[in-house]
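Biologist: I'm new to this one. Could you show it to me and explain the labels you use?

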Amino acid sequence: MRRSTIKTWVWVHKWTSLVCTAFLLMLCVTGLPLIFHDEIDWLTEEQPAFGMPGVGSSSTADGLLSLDTMLETALANRPGEVPLYMAFDNDQPSMTITTGPRPDSQGSEMTIQSFDRSTGDLIGAVSDDSVSGVGAVMHFLLELHTDMFLGLPGMLFLGAMGATFVVALVSGVVLYAPFMRKLDFGTLRTSRSARTKWLDYHNLLGIVALAWMLVVGLTGVINALAVPIEDAWKANELAAMTRDYAGREALDPARYGSLDKAMAAARARLPGNNPQFIAFPGGTFSSNHHYAVFFQGNTPLTERLLTPALIDAETGEFTAARPMPWYYQALSLSRPLHFGDYGGLPLKLLWAALTLFTIHVLGTGLYLWLAKRRASTTTLAPELDHDRSAEPAE
């Protein structure tokens, strides 16, 4: 590699790394507890005693209360509000019903109630002004990790930092080979200066965790584009599915028909799938006239890929169903991959270890830059030709 080319890659690696380091450290620190959010919830929350343990609320098992009954119970607890979402569990009879003051209510206005569908008992409720304890901490960490409390601008900014991180990784790989070719893989020169020792740790952990960092970085960028992706789906796919309803006024919640009838119509069109959630009319995931019943597959992979069935919310008649487009499927698959949710606790432990590796790489990279901030890149290239202890750029 020519000296001028190396200097260019050194410059790219140094500045892309420096630009994103602080934000990536924040994302790593907040991401660590989020990897174990299920386990933390399990340990810190009182587990309800279900009337029919082991029976999923998404099933059609005898003994489960009707969806209309559950919705009436939820609305009775929140008078004056309208339904927004109803979500199901495949393992227990628990389910959540989200309500708000209007069909297009923002997240801060929503209230989520958890029920046991086998008994109708309320087993928990969360609203923006009632979050406390460990749940409040996890909620804070998720908001900080996702958008830094800035909404879409914060998400897009963190997405840009993720893209910068990917560029830093690629440039680091380009520089790794020429700078490390005279050293055996895994060499740690612990008897040399502190800077050299930490440089070796930086390079070793960086190359070991490279594939994982690329995956998490790229999925983070995709996740940051969630809002534009959802808007694109609604503007294109959902609009095409509800073209016959274009121009109609929004359906008044007082005219919503039976949920059980709508669910039966949706199941008839997509047999063998489990409903994951229902989006009510007027929200992000539905039209102004439809119950959107989102079904998931039965395998670890296909359960992440959703297929919505649109049911006329007034008549209960089927309108349309089609799989989500490729760009939404990419988003659906990247979310669990980003947090290591595909392989249970062993994969989460691996994700946590690699996150610690990344924190080390970021920290040592910053240290190396501070330790040699006065050195110019022009002094590095000659080391490739004349010094067997040549050191990679940081």
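**Labels and the reasons behind them**

Modeller: Sure. Keep in mind that this is a predicted model. Let's start with strands S6 and S7: 7 bridges join S6 (residues 290–296) to S7, and they run antiparallel.

Biologist: How do you know that S6 and S7 pair?

Modeller: Pairing takes at least two bridges. S6 and S7 have 7, so they count as a pair. For one example, phenylalanine 294 stands opposite proline 308 in S7.

Biologist: And what makes S7 and S8 a pair?

Modeller: The cut-off is at least two bridges, and 3 bridges join S7 to S8 (residues 318–321), so these antiparallel strands pair too. Here leucine 310 has alanine 320 in S8 as its bridge partner. The hairpin of S7 and S8 has 5 residues between the strands, and glycine 316 takes a positive phi near 80 degrees there.

Biologist: Why is S7 called mostly covered?

Modeller: Buried means under 20% relative accessible area, and 7 of the 7 residues in S7 (residues 306–312) are buried. That goes for both faces: Leu306, Pro308, Leu310 and Asp312 are buried on one side, and Thr307, Ala309 and Ile311 on the other.

Biologist: Now helix H5 (residues 152–180), where leucine 156 lies. Why is leucine 156 called partly exposed?

Modeller: Leucine 156 has a relative accessible area of 37%. Buried is under 20% and exposed is over 50%, so leucine 156, at 37%, is partly exposed.

Biologist: What makes a patch with Leu156 in it?

Modeller: Leu152, Leu156 and Leu225 form a nonpolar patch on the surface, with about 220 Å² of accessible area together. Patch residues need over 30% relative accessible area, and Leu156 has 37%, so Leu156 passes that cut-off.

Key:
Residues are numbered from 1 along each chain as its sequence is written. This is a predicted model: local features need pLDDT of at least 70, side-chain atom pairs count only at pLDDT 80 or more; totals for chains, interfaces and linings use all residues. Side-chain values use heavy atoms; hydrogens and water are left out. Patches are made of residues with over 30% relative accessible area and no salt bridge: like charges are joined within 9 Å, nonpolar side chains (Val, Leu, Ile, Met, Phe, Trp, Tyr) within 5 Å. Accessible areas come from the Shrake-Rupley method with a 1.4 Å probe; for residues, only the protein chains shown count as cover. A salt bridge is a side-chain nitrogen of Lys or Arg within 4 Å of a carboxyl oxygen of Asp or Glu. Helices (H or I, at least four residues) and strands (E, at least two) are DSSP runs, numbered from the N terminus. Buried means under 20% relative accessible area, exposed over 50%, partly exposed in between (1.4 Å probe, protein chains only).
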